[in-house]
Structures are given as structure tokens and as C-alpha cells.
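Subject: A structure for you to look at

Hi,

Here is the structure I promised to pass on. Have a look at it first, and then read my notes underneath.

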Amino acid sequence: MRFVPDREHRGYAATVRRLLADAGPHEAARAWAAGDQRPGRALWRSLADTGLPALAVPEEHGGLGWYPPELASAFVETGRAGVPGPLVETVALAAGLHPSTPWPARLLTGEHLATVTDPATATDRASAADPGAETRPGVGYAVDAHVADLTFVLVAGGLTTAAAVGTPLRSVDPGRHLVRCVPGEAVSADPRRIRALATLLTAAQLLGAGEALLEGSVAYAGQRRQFGRPVGSFQAVKHQLASVAVALEFARPLLYGGALAVRGDAAADPRDLPAAKAACSRAAHLAARTALQVHGALGYTDEYDLTLLLRKVRALQTAWGTLAACRAAVLTGGPLPG
């Protein structure tokens, strides 16, 4: 099993990083949170122009092939940049919807955004703000369903169209809203592929956000001064930052192991995917906690870009597989719930 990306793979990830660096993703995220999706949609169209969603669809169906490792690398960069919108769900649906349905082709161009209910988010986030939601049959929550062009519901053994009901609930990440959805007509799709790819890409975004938080913390530790010297020169701060670097470095090969499991490689183990989500969640959480400690009160300031990533990490930790669910799946060898 090969975990090291080749030159073409690394080159594509670098292209995505350069595009995002020039596109003002933090401004797009703030606009999205304020209700203006235009910058975020324009950014997604630019990413689609690089072929990003087409990496989830075989060539015979209009895509570029089935490339989960390359998708993971691209979504590391979207996580690093804090790109808003239901991008994970859009790509997962492009991969999982049957080619006979009319929707996959619309998702490849970047003109449409799609979302789908996430069992983990429904259980651990939205129901807390909507008591009794879990007891209503067929109810789920989808990220940004109120602004998505297409919305679907994952049900037992399948997928259906969806109708959004109720008022959108704000997530801990202001750029994400959770919308209650009820199922409609059955849709031909592969729900296992949708869940697996959504889990992988969420893990990738967590890893990218964690890396960005570490980079920001190292830079700030070199600027912030106490007792006449940079705080980054203190041994305790060095140890904290080093622990984050180790956690992120250890999570990266697990992410690519999960990507190979999603791709269906014979040498991969199904437990590699929940292991990847768990490792990326823990590493990103450590990066966020350390970033707050290094930045002090500045880390709580809404106007500071770091805060966007801190909140995104907190929201993504429970999306598409909570830490507890991922650990249970690794220990039992079973699938993630939902």
C-alpha cells in the first residue's frame, strides 16, 4: 500500500492551494455567514474549473475518474483556507448519485451546490436546539439546505429527495446552518459511497484546518513578546507546538489510508476510514486548543481570521462520524452509524 502522493498528485494539491490563496476565502466565509453566498459560490466554481468534483466521477459518466486520495489532498486545502459551503456534501453526492439521475452532471460544473442529511450532525448538534427531533421518523439535518440547489436525505438503505422545514439553526461555526429535512421520493444512489466519501473529505478538512492553525500559532509565537522575548522561545510553548505538529503528521498517513479504503484497494482495511476521521479530529482539536493558548484573548476575537478556523474545527469534529462513533467502528470493525 502506497501512502506517498506522486508528483502529479502533489502538483494538483499545490494548484488548489495557490487558487485559494488568491481568492480571499476568509472574506467569502464571512460573507457566507452574513447571508451572502455569492463569493463562496464563485470560489466553488473556480475549484470546479480545476476538475475537483470530477475526481469523484468515472470518466464514462463525465468525470475524470474515481480518485479519493487526490480528493482528500484537495479538501485538505479547502480546510486550510476555511472555504464555506456544503462542498463535502456536493462532492459526495456527485460520487454517489446514480449516473442515470439528472443531478451529477450539474454538480461537476460548480454551478450547483448540493447537501444531504448527516446522521452525526443530526444527533449531536441540531437536536439539542430542537428537542424531540430524533423521535420524529425520517427527520434529519443537512448543512446549508436553505441555500443549496439540491437537497437529499439519507434513509435506511437508500437516498431520497428532501424538503426543508423549519428555521435554519446556526452551528457553532457561523458559516454553517443546519436545516431540518424530511424525505421525499426515492433516488437511485449508493448511500455507502456517499457516507464514506463525506467522512473522508471531512477528515481532510480537519487536517487542513489543523495545519493552518499550527502555522498561525508558530508565526504568532514568534511575534508576541513577554518578559522581553518572543513567547515561542519558551520551552513550554515549544513543547505544545511540537505536540500539535506530531499529531498532524501522524494523522496524514491515516488520512491517505482511509482514502485507499474508500477507493476500494484490496490492501486497505475498512477500519482505516474511521481511524482517519478520529485521528484528524483529535489532531485538529489539539491544534485549536493550542492556538487559543498561544494567542490568548486574541483567539476569541471574531474579527481575527484564526477564529474562523477554530469554530470550523469544532463543527467538523462531529460531522460525518463523531469521535466516539469512529473509535467504536475501529474497535468493532463495523461501519460508522447512519
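Below is what I found, going from the whole chain to the helix contacts and then to a few single residues.

One thing to keep in mind throughout: this is a predicted model.

**The chain as a whole**

There are 12 helices and nine strands in the chain. If you lay a box along the principal axes, the C-alpha atoms fill roughly 65 × 45 × 40 Å. Does the radius of gyration go with a compact globule, or against one? A compact globule of 338 residues would come out near 20 Å, and the chain has 19 Å, so the two agree. As for burial, 54% of the 338 residues count as buried. The contacts also reach a long way along the sequence: taking those between residues at least 6 apart, 73% join residues at least 24 apart.

**H10 and its two neighbours**

Helix H10 is a good place to start, as I have notes on its packing with both H9 and H11.

Start with H9, which covers residues 235-263, while H10 covers residues 272-295. The angle between these helices is about 155°, and their axes are 8 Å apart. That angle is over 145°, the cut-off for calling a pair roughly antiparallel, and therefore H9 counts as roughly antiparallel to H10. The crossing of H9 past H10 is left-handed. What kinds of residues make up this contact? By class there are 19 nonpolar residues, six polar ones and one charged one.

Now the other neighbour. H11 takes in residues 305-316, and H10 packs with H11 at about 145°, with 10 Å between the axes. Here too the crossing, H10 past H11, is left-handed. From H10, the residues taking part are Lys277, Ala284, His285, Ala288, Ala291, Leu292 and His295, and they meet Leu306, Leu310, Val313 and Leu316 of H11. This contact has eight nonpolar residues, two polar and one charged.

**Two residues in H8**

H8 runs over residues 191-223, and Gln205 is found in that helix. Is Gln205 buried or exposed? Its relative accessible area is 8%, and since under 20% means buried, Gln205 counts as buried. Leaving aside residues up to four places away in sequence, Gln205 touches Phe75, Thr78, Gly79, Val88 and Leu316. You have already met Leu316, on the H11 side of the contact with H10.

Tyr220 is in H8 as well. With a relative accessible area of 17%, Tyr220 is buried too. Which residues does Tyr220 touch, not counting those up to four places away in sequence? They are Val294, His295, Leu298 and Tyr304, and His295 is also one of the H10 residues that meet H11. Tyr220 and Pro230 are 10 residues apart along the chain, and their C-alpha atoms are separated by 9.0 Å.

**One residue in H5**

Last comes Ala95, which lies in H5, the helix of residues 87-96. Ala95 is buried, at a relative accessible area of 10%. How far apart are Ala95 and Ile194, in sequence and in space? They are 99 residues apart in sequence, yet 6.8 Å apart in space from C-alpha to C-alpha. With residues up to four places away in sequence left out, Ala95 touches Ala56, Trp66, Arg193 and Leu197.

Happy to go through any of this with you.

Best wishes

Notes
Residues are numbered from 1 along each chain as its sequence is written. This is a predicted model: local features need pLDDT of at least 70, side-chain atom pairs count only at pLDDT 80 or more; totals for chains, interfaces and linings use all residues. Side-chain values use heavy atoms; hydrogens and water are left out. Axes are lines fitted to C-alpha atoms, for helices over the stretch in contact, and angles run from 0 to 180 degrees between N-to-C directions. Helices (H or I, at least four residues) and strands (E, at least two) are DSSP runs, numbered from the N terminus. Angles under 35 degrees count as roughly parallel, over 145 as roughly antiparallel, 65 to 115 as roughly perpendicular and the rest as oblique. A crossing is left-handed if the near helix is turned anticlockwise from the far one by less than a right angle, and right-handed if clockwise. Ala, Val, Leu, Ile, Met, Phe, Trp, Tyr, Cys and Pro count as nonpolar, Asp, Glu, Lys and Arg as charged, and the others, Gly among them, as polar. The radius of gyration is taken over C-alpha atoms; the globule rule is 2.2 Å times the number of residues to the power 0.38. Buried means under 20% relative accessible area, exposed over 50%, partly exposed in between (1.4 Å probe, protein chains only). Contact means heavy atoms within 4.5 Å.
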